[in-house]
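Please look at the chain below with the questions of a careful beginner in mind. Each answer sets a value beside the rule that gives the term its meaning.

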Amino acid sequence: MFSKILVANRGEIALRVIRAAREMGIQSVAVHSTADSDAMHVRMADESVCIGPPSSTQSYLSIPSIIAACEITGAEAIHPGYGFLSENAGFVQVVEDHGLTFIGPTAEHIRIMGDKITAKETMRKLGVPCVPGSEGGVASLEEAKRLGEEIGYPVIIKATAGGGGKGMKVATSVADMERAFQTARAEGKSNFGNDEVYIEKYLTTPRHIEIQVFGDGKGRAVHLGERDCSLQRRHQKVFEEAPGPAISEEERARIGKTCADAMADINYIGAGTIEFLYENGEFYFIEMNTRLQVEHPVTEGIFGVDLVREQIQVASGMPMSFRQEDLKINGHAIEVRLNAEKLPNFRPSPGRISQYHAPGGLGVRMDSAIYDGYSIPPYYDSLIGKLIVQGRDRPEALARLGRALGELIIDGIDTTVPLFHALLREKDIQTGDYNIHWLEHWLETNLGDG
Ligand code: ADP
C-alpha cells in the first residue's frame, strides 16, 4: 500500500480523497493555487504545495507542477478526483513515465472512452445497447441529411470529443439539419479542437440512468446498480438518486451484468460510470466516464461501500474487496448539489460565507469544503457542497432531505438551496415521475429561466 498520495484537485472532492487516505493510514498531499491558500483541502491534508496562480490552466491543470509536487513531497500516487486532469490520458502517461501511480484507469481506457465514437463502437462490440445512429463519424452535410431520413427525426448531432453538454445539437427536420450539423462541428472544433461529429436518434422523453462499475484490472468487475440523474439544467445534473425510481430489480440485474461483463472483458481498473438514456424499458448507452463521479455518494450510501478507498486499494495492486454477491442495496439515497449560484438565472455567486451551519443527524452526509468566513474564489466551478441523505425507502429519504435542508445555513452568498425546497413540494418529485426535460420545463414555468 502507498504511504503517501497526492490529490490533484480542490474543493469537496479533494477533501473526500484526503478523508479516505487518512482512514487508510496514508499521508496526503494537497496542491493548490494562490487563490486557494486558505482552502479546506489545504488545511486538512498532511502537507500542501502551491502549484501556481489562480487560473486553473496554470495550476490544477499544470502537469509539470503536479509532477514536481510529487517529487518534492515523495508522494507515490496521484488521485485526480473528477474534472481537471481526471480524464486526461496524456497526464496518465506522464505520471507513469515518472514512476508514479495514477489512481484510476489506464491511459488506453481513458483514450477509448474519451472519444465518443470509439466509445460507442467499443461498447456496441461488448454487447452494450446503444442509441441507434450513424456508424462512426459523419463527414458531410449530405450524409447527415441522408442519415436523418434513415434514422428518423428528431436526431442529435454530437461532437465525438464533446463533454459538459457542449457540442450537441438537435435537428428536428431536414430543414434544421444544416444549422445543427454546422453548429455541432463548430462547437467541437472551438471547445475540443476536433470537429468530428456523429448522429444519433434523439430520444424525446428519456431518463438519464447511469451504472456504477468497478474493476480490478485483472478481469474481474462488478456493478453497483444505477443512479437516476435525470434532473438536469443545461445537461448539468442537480439532483441524483439511487436506486432509480423507475428501474426494477430485474432491469438492474440485467443491465448491471451487461456493464460488469463488458468491463471485465476489457480488464477495466477502478471506478467508472456507464451512462444510458432509458426510455420505454430500453437502455441506450451514451457515454462512459472513466473516473469517480460527483454523485458517487448515493451509491456508497445504499451499498455501504467506500469507492475512494477501493480505488486506492486496487491502484496499489491489492484485490477488490467485494464480489458481486456481496453487493446488496439497503434503502434509498438522494444527493442535491449545492452551488454558489443566484436564482432564477443561476448566475455564479462567489464571495465570503458569513455563517455556515451543516445539517446532521441520522442518514445525513454533508460533503463540502466550505467553512465560516471562507471566501469562495471566482475562478472555479460553482459546486460548493453536496448534501446526501439516506432513508429506509424513498419517502423517508425525501423527508430527511427536507429536514436537513431546513437545518442548513449558508449566509453571505446565494446558493441553489431554495431550488430544492421548492422541488420537494412538487408531486412529480415526490412520486419520482420525471425525465431529462422535467427540470428545464419546471424552471421555465416557475422561475422564467430558459
Ligand atoms: P456530455 O458528455 O456533454 O455530458 P452526453 O453524451 O453524456 O454528453 O449527453 C448529455 C445529455 O444530453 C444527456 O444526459 C441527455 O440529457 C442529452 N442527450 C445526449 N444524447 C441524447 C439522445 N440521443 N437523445 C436525447 N438526449 C440526449
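Q: What makes the sheet with the order 7-6-8 an open one with edges?
A: In this predicted model, three strands form an open sheet in the order 7-6-8, and their pairing is antiparallel. Strand 7 (166–171) and strand 8 each have a single partner strand, so one side of each is left without a neighbour in the sheet, and these two strands stand at the edges. Direction ignored, neighbouring strands of this sheet are turned by 25 degrees against each other on average.

Q: How do you know that strand 6 and strand 8 pair?
A: Two strands pair if DSSP finds at least two bridges between them. Strand 6 and strand 8 are joined in the antiparallel sense over five bridges, so the condition of at least two bridges is met. One bridge can be named, since A159 has V197 in strand 8 as its bridge partner.

Q: Which strands supply at least two residues of the shell around the ligand?
A: They are strand 6 (155–163), strand 8 (197–201), strand 12 (269–279) and strand 13 (282–289). Strand 6 gives the most, with four residues.

Q: What makes a residue count as part of the surroundings of the ligand, and how many residues surround it?
A: A residue is near the ligand if one of its heavy atoms lies within 4 Å of it. The ligand is surrounded by 21 residues, and the closest are K158, G165, K201, L203 and E287. Sorted by class, this shell has eight nonpolar, seven polar and six charged residues.

Q: Why is the ligand said to lie between domain 2 and domain 3?
A: The domain assignment of the chain gives domain 1 (4–96), domain 2 (132–201) and domain 3 (207–446). Both domain 2 and domain 3 give residues to the shell around the ligand, and therefore the ligand lies between them. As for domain 1, its C-alpha centre and that of domain 2 lie 37 Å apart.

Q: Why is the approach of K116, E200 and Q232 to the ligand called a polar contact?
A: The term asks for a pair of N or O atoms within 3.5 Å. A polar side-chain atom of K116 lies 3.0 Å from an oxygen atom of the ligand, and one of E200 lies 3.0 Å from a nitrogen atom of the ligand. For Q232, a polar side-chain atom lies 3.4 Å from a ligand oxygen atom, so this pair too falls within 3.5 Å. Taken alone the ligand exposes 560 Å², of which the protein buries 96%.

Conventions: Residues are numbered from 1 along each chain as its sequence is written. This is a predicted model: local features need pLDDT of at least 70, side-chain atom pairs count only at pLDDT 80 or more; totals for chains, interfaces and linings use all residues. Side-chain values use heavy atoms; hydrogens and water are left out. A polar contact is a pair of N or O atoms within 3.5 Å; within protein, one must be able to donate a hydrogen and the other to accept it, and residues adjacent in sequence count only if both atoms are side-chain atoms. Accessible areas come from the Shrake-Rupley method with a 1.4 Å probe; for residues, only the protein chains shown count as cover. Ala, Val, Leu, Ile, Met, Phe, Trp, Tyr, Cys and Pro count as nonpolar, Asp, Glu, Lys and Arg as charged, and the others, Gly among them, as polar. Domain bounds come from an automatic or database domain assignment. Axes are lines fitted to C-alpha atoms, for helices over the stretch in contact, and angles run from 0 to 180 degrees between N-to-C directions.
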